[in-house]
Amino acid sequence: MLRWKFLFHAFILSSLPFFCHADQDLLKTSDVQKVMQELLQRHVEKKEVSPELLQNAVRAYIEQFDSGHVYLLEQEVKPFVYLSPTELSALKEDYAKGDFSLFKKIDVLFVRAIERARSVRKELYATPDTLFTASSQAAKEALEGSPVLPFATSPAALKERNQNELIAYIRSQMRRFGAADVLNQKKSVLANYEDEARTHENPYLFEDIEGKPLVASAKENIFTIHVLKAFATILDAHTSVFNPEEAYDMRVRLEKQFNGVGIIVRKKPDGVFVERILRDSPAAKQGGIEPGDRLVEINGRSAYNIPYEELQNLLRGDRAQKVTLTLKKTGELIDKTSPKTYTVRLEPAMITVNDDRVEISYVPYGNGIIGTITLKAFYKGANGVTSEKDVSDAIKKLDKIGNLKGLVLDLRGNSGGFLTQAVKVAGLFITNGVVVISKYSTGEEHFYRDMDGKTSYNGPLVVLTSKTTASAAEIVAQALQDYGVAVVVGDPQTFGKGTIQSQTITGGEQSPSYFKVTVGKYYTVSGRTPQLDGVKADITAPSELSYEEIGEEYLEDVIPADKILASFSDQLADVDPQMKPWYLRYYVPSLQQQENKWRTLIPELRRNSLARIQTNNDYQRYLTALSVAHQQKRPFKENVAPLHELQHQEAINVVKDMVDLDSTLKSN
């Protein structure tokens with residue numbers, strides 16, 4: 001339940017160089033101004049570091065260390081978060097000189113806070129039974145899902161917060177592994193909690209993961225990253241600077257490949273266990289390793305004593321060096337002399353990630369099927385792995401299974417990815433035409449078009465969305481809605497992220513830093529942007545997120561929305577005059593026309609859907625429980641999987657209505 005994790009909504013405009021992490025590339029404090037200058041040059045709105053931005057940067061610096069307000073006291077942070085005009089003027093002068101001594105002064109405060117927190121935790125660990133028995137239902141509901149409180153006003157209040165965080169963590173482990181296992185492994189659970197805490201704290205102490213002091217260059221690198229993170233945050237909600245580990249994870253999500261041995265492990269209270277083996281990975285080709293096997297050692301070190309994040313890094317490995325693993329078969333005791341202990345040496349290799357790609361399902365209907373394609377991201381990797389190809393192959397597979405009479409494209413929880421892939425996926429459902437227009441601070445516009453002149457599917461189509469459908473996923477939903485080829489079903493609106501980020505994460509060359517910066521806004525062919533308001537559903541089918549404050553409107557430093565001219569007729573304004581004859585001959589004649597059939601049927605489709613939801617006892621029970629939880633200001637405790645499926649089922653029912661109404665129209 002530690003609250004220092006980050007959530008990224010990635011919308012990527014271009015592939016800029018990927019930085020190779022080497023000693024000679026470590027950042028220095030002098031790089032802060034260089035990187036900030038680059039960010040400001042690219043940024044869609046902010047062009048200079050003002051006193052107001054500097055004050056916000058100081059606040060962001062404190063918040064990124066103590067986002068849960070479990071380390072610092074109000075009286076400790078007050079002198080920094082409320083700087084006087086004179087202090088701000090001095091801070092701006094220091095920034096101009098590359099002097100970040102104020103932030104180093106705050107770091108001293110962080111060190112004292114960490115030492116205090118470790119002392120408090122040590123005291124709490126001394127009476128574990130108190131922690132593990134603090135589980136009354138009333139206390140449970142009060143602790144879990146509670147909002148972040150203001151900074152504590154006393155050491156006693158701070159200690160109580162640390163205790164509540166620890167109790168909440170224990171409960172999360174009980175839900176994950178079962179109460180019995182957790183209660184039998186109290187010492188291990190507390191040790192894991194301490195590992196997580198120290199993984200966050202050690203960089204602020206300028207220590208490595210084992211608590212050893214870093215060399216001066218590494219200290220300066222970490223300090224510079226912390227400062228840059230704070231400064232990037234103040235530009236807008238989606239401009240960010242990443243440390244190497246965060247950048248690596250983001251790159252894997254975008255490119256669907258990573259270097260490693262292919263073993264996914266889970267750290268439980270009683271050990272580290274193999275959860276699964278990735279297909280076609282070095283571990284799969286080696287053979288013998290099975291899910292459930294216990295990982296005892298990695299490169300001669302006890303796997304259990306290695307913090308989880310470092311363990312993941314070791315399993316990623318370096319292709320130039322083999323990884324040695326000692327494992328035990330399921331059920332074996334931790335005894336290296338056991339005959340069921342075995343050792344393997346694996347050479348890391350590039351692995352294609354098949355998770356979070358495309359999933360398909362279908363239900364029979366009439367003389368055919370209604371299919372569902374679930375797309376969780378917009379990605380592009382090696383070996384021809386793209387979201388466009390995966391969706392195209394899924395359509396072909398569904399059509400081969402049976403007569404594909406209708407389709408649900410499920411984009412719930414899809415937070416974006418590559419812009420070019422969003423254009424190509426949308427292009428599977430239109431002939432030719434503008435999908436998205438990007439507009440930059442200079443007023444320059446760039447048009448992204450589908451130009452293959454054909455569709456992969458042109459029947460009844462529902463795009464299923466939620467409040468967490470964001471960025472590139474919103475492009476697809478709104479573009480298909482604009483052209484009238486799809487009906488949008490789901491939460492009343494999507495996330496509302498209509499901004500474009502340029503980034504230095506994907507690619508192959510070297511770069512001095514990892515960041516993404518907001519460089520413009522995007523608009524679909526209608527001239528509308530999803531920014532702030534999101535994509536409005538044609539038909540509302542509520543989800544478990546109905547009362548959650550999720551979306552761009554709830555973030556700080558957001559970019560305002562506006563509108564540009566529609567581009568259905570595509571005047572080819574940005575096309576090189578020498579290329580216009582080709583466009584006029586091969587592209588313009590097959591432009592996708594706006595379809596009105598589904599638009600005219602939406603009122604009837606909406607009435608049918610509302611009647612089904614209102615008479616569906618299961619759906620109504622969940623919606624009532626959600627409403628009660630919201631009114632009582634407590635988290636929703638029920639299993640949300642059935643509600644997730646009820647929303648999906650309603651999307652299928654809307655497609656069935658579309659099939660039937662379409663058939664009636666054709667027969668008439």
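In this predicted model, Met-451, Met-579, Trp-582 and Tyr-586 make a nonpolar surface patch of about 400 Å². One of these residues, Trp-582, lies in helix α18. Trp-582 counts as partly exposed, at 38% relative accessibility, which fits a patch whose members must each have over 30% relative accessible area.

**A charged patch on the surface**

A second surface patch carries negative charge and gathers Glu-52, Glu-63, Glu-556 and Asp-557. Glu-556 sits in the loop between β21 (539-540) and α18 (580-587). With a relative accessible area of 66%, Glu-556 is exposed, because the cut-off for that class is over 50%.

**Salt bridges**

The whole structure holds 27 salt bridges. Three of them are set out below, with the separation of the closest N and O atoms.

| Acidic residue | Basic residue | Closest N and O atoms |
|---|---|---|
| Asp-570 | Arg-449 | 2.8 Å |
| Asp-657 | Arg-612 | 2.9 Å |
| Asp-662 | Lys-666 | 3.4 Å |

The salt bridge between Asp-570 and Arg-449, at 2.8 Å, links distant parts of the chain, with the two positions 121 residues apart in the numbering. Asp-570 is in the loop between β21 and α18, while Arg-449 belongs to strand β16 (residues 445-450). Both partners are buried: Asp-570 has a relative accessible area of 6%, and Arg-449 has one of 14%.

The salt bridge of Arg-612 with Asp-657 has its closest N and O atoms 2.9 Å apart. Arg-612 lies in helix α19 (residues 597-615) and Asp-657 in helix α21 (residues 641-667), so this pair ties together parts that are 45 residues apart in sequence. Arg-612 is partly exposed at 23% relative accessibility, whereas Asp-657 is buried at 12%.

Asp-662 and Lys-666 form a salt bridge within helix α21, where the two residues are 4 residues apart and so separated by about one helical turn. Asp-662 is buried, with a relative accessible area of 9%. Lys-666, at 65% relative accessibility, counts as exposed. Elsewhere, Arg-118, Arg-121, Glu-194, Arg-198 and Glu-201 are joined into one network by salt bridges that share partners.

**Strand β20 and its partners**

Strand β20 (residues 514-524) is mostly covered, with 11 of its 11 residues buried. Several strands pair with β20. Strand β2 (residues 240-242) does so in the antiparallel sense, over 3 bridges, and Ser-240 stands opposite Lys-516 of β20. Strand β15 (residues 433-440) also runs antiparallel to β20 and is joined to it by 5 bridges; here Lys-439 has Lys-521 as its bridge partner. Strand β19 (residues 499-503) pairs with β20 over 5 bridges, again in the antiparallel sense. In that pairing, the bridge partner of Ser-502 is Val-517 in β20.

As a general point, side chains in a regular strand alternate between the two faces of the sheet.

**An open sheet of mixed pairing**

An open sheet is formed by 6 strands in the order β11-β12-β13-β17-β18-β21, with mixed pairing. The edges are held by β11 (358-365) and β21; each has a single partner strand, so one side of each is left without a neighbour in the sheet. Within this order, strand β17 (residues 461-465) and strand β18 (residues 487-490) pair in the parallel sense over 4 bridges. Val-462 stands opposite Val-487 in β18.

The loop that starts at β21 has already appeared above: Glu-556 of the negative patch is in the loop between β21 and α18, and Asp-570 is placed there as well.

**Asp-25 and a contact across the sequence**

Asp-25 is in the loop between β1 (11-15) and α1 (31-42). Is Asp-25 buried or exposed? At 18% relative accessibility, Asp-25 counts as buried, because the limit for that class is under 20%. The C-alpha atoms of Asp-25 and Asn-221 are separated by 9.2 Å, although the two residues are 196 residues apart along the chain.

Terms used:
Residues are numbered from 1 along each chain as its sequence is written. This is a predicted model: local features need pLDDT of at least 70, side-chain atom pairs count only at pLDDT 80 or more; totals for chains, interfaces and linings use all residues. Side-chain values use heavy atoms; hydrogens and water are left out. Patches are made of residues with over 30% relative accessible area and no salt bridge: like charges are joined within 9 Å, nonpolar side chains (Val, Leu, Ile, Met, Phe, Trp, Tyr) within 5 Å. Accessible areas come from the Shrake-Rupley method with a 1.4 Å probe; for residues, only the protein chains shown count as cover. A salt bridge is a side-chain nitrogen of Lys or Arg within 4 Å of a carboxyl oxygen of Asp or Glu. Lys and Arg count as positive and Asp and Glu as negative; His and the chain ends are not counted. The place of a charge is taken as NZ of Lys, CZ of Arg, CG of Asp or CD of Glu. Buried means under 20% relative accessible area, exposed over 50%, partly exposed in between (1.4 Å probe, protein chains only). Two strands pair if DSSP finds at least two bridges between them.
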